[in-house]
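Me: I would like to go through this structure one question at a time. Please give the reasoning before each result.

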Amino acid sequence: MNDFSLTGNTTVDQEDVKRHSKHMKVWWDPKGKMGALHSFNMLRVPLVRDGLVSEPEKEKTLTPLADKTILDVGCGGGILSEALARIGGVVTGVDASEELIECAKRHSDLDEKIAHNKPAYFCSTIEHHAEEHPNRYDAVVASEIIEHVADKELFVRACVTCLKPGGRIFVTTPNRSLWTRVLGIYVSEYVLGTLPKGTHQYRKLTTPNEVSFLLERNRCQVESVRGVMFYPFFDKWSWVNSTKLMFAMQAIKLEPELK
């Protein structure tokens, strides 16, 4: 059993939390500073759905994720959490920002499509949540968050702890590459303004190999790694062959070894 209270470390970068919290008032404006996160749901939602539900099952219903328990780590104001709840997911969202959790709670009250299936939101660190809820979820989604945490090894271990054996984890994040430094940070944040300035710090980015290594150390088997591209002039995301700019990774938590 993991006792995260004894590690002495934290996944939370307080400066990063403050930086994101100040965008609370515009979080749900699809044409505003968070607009790219809204349009990213066109890829993120099918990624999770298809990873959890077989082809015949998802064709039968508008709520293919019904009864699937999903943890959205670093949920922010709930953009992805609500989208997963709309197709039936039983979603829990955790975030270290009190302001963004309050934003998520308020917005979920406005969405009639999830009136009977609202996400449950908690202001918490993932390591604290993992200590209280081990082996609980069918899926853990860590979308656009691992690049913001202070301790990636602790973050991945806590995420995997929350998963049931046989459950799946989904990670999306920018790659630490020259492409991202130029296009993903300089051009996106300082030239085009498609992301708020300071959203990403290059030194905190990671690579597919590094994330795979951390997952495998925590008894997960990587099932797929896909490249992601954002086209800001069209506000469109698409899957691509190259992972140089961004990537999405899916892995399954293996059954515990018999002793």
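Me: Which residues does UniProt list for "binding site"?

Reply: The model shown here is predicted. The "binding site" label is taken from an unreviewed UniProt entry. The residues listed there are Glu144, Glu147 and His148.

Me: Where is Glu144 placed, and where is Glu147 placed?

Reply: Strand β4 covers 137-143 and helix α7 covers 152-162, with Glu144 in the loop between them. For Glu147, the place is again the loop between β4 and α7.

Me: Is Glu144 buried or exposed?

Reply: A residue is called buried when its relative accessible area is under 20%. Glu144 has a relative accessibility of 14%, so it counts as buried.

Me: Is Glu147 buried or exposed?

Reply: The cut-off for buried is again under 20% relative accessible area. The relative accessibility of Glu147 is 1%, so Glu147 is classed as buried.

Me: Which side chain does the side chain of Glu144 join in a polar contact of 2.6 Å?

Reply: Residues up to four places away in sequence are not counted among the contacts of Glu144. What Glu144 touches includes Leu37, Phe40, Pro174 and Met246, along with Thr172 and Thr173. The side chain that shares the 2.6 Å polar contact with Glu144 belongs to Thr172.

Me: Which residues does Glu147 contact, leaving aside its neighbours within four places in sequence?

Reply: Thr172, Thr173 and Pro174 are among the contacts of Glu147, and these three residues also touch Glu144. The full set for Glu147 is Thr172, Thr173, Pro174, His200, Lys204 and Leu205.

Me: What does His20 touch, not counting residues up to four places away in sequence?

Reply: His20 is in helix α1, residues 14-21. Its relative accessibility is 17%, so His20 counts as buried. His148, which UniProt lists for "binding site", is one of the residues that His20 touches. The contacts of His20 are Trp27, Leu100, His148 and Thr199.

Me: How many residues of α7 are buried?

Reply: Helix α7 is mostly covered. Among its buried residues are Leu154, Phe155, Ala158 and Cys159. The count for α7 is 9 of its 11 residues.

Me: Which backbone nitrogen does a side-chain oxygen of Asp151 reach at the start of α7?

Reply: The oxygen belongs to the side chain of Asp151, and it comes to within 3.2 Å of the nitrogen. That backbone nitrogen is the one of Glu153.

Me: Why are α7 and α9 called oblique to each other?

Reply: The axes of α7 and α9 (residues 208-217) are 9 Å apart, and the packing angle is about 50 degrees. Roughly parallel requires an angle under 35 degrees, and roughly perpendicular runs from 65 to 115. The angle fits neither class, so the pair is oblique.

Me: Which residues of α9 meet α7?

Reply: The crossing of α7 and α9 is right-handed. On the α7 side, the residues are Lys152, Glu153, Val156 and Val160. On the α9 side, they are Leu214, Leu215 and Arg217.

Me: Which residues of α4 meet α2?

Reply: Helix α2 (residues 35-52) and helix α4 (residues 79-86) cross at roughly 45 degrees, with their axes coming within 10 Å. From α2, the residues taking part include Leu37 and His38, and Leu37 also touches Glu144. From α4, they are Ile79, Leu80, Ala83 and Leu84.

Methods: Residues numbered from 1 in each chain as written. Predicted model: local features only at pLDDT ≥ 70, side-chain atom pairs only at ≥ 80, totals over all residues. Heavy atoms only, no water. UniProt positions renumbered as here; feature names shortened; annotations may be inferred. Helix = DSSP H or I, 4+ residues; strand = E, 2+ residues; numbered from the N terminus. Buried < 20%, exposed > 50% of the residue type's maximum accessible area, 1.4 Å probe, protein only. Contact = heavy atoms within 4.5 Å. Polar contact = N/O pair within 3.5 Å; in protein donor to acceptor, adjacent residues only side chain to side chain. Axes fitted to C-alpha atoms, helices over the stretch in contact; angles between N-to-C directions. Parallel < 35°, antiparallel > 145°, perpendicular 65-115°, else oblique. Left-handed = near helix turned anticlockwise from the far one by under 90°.
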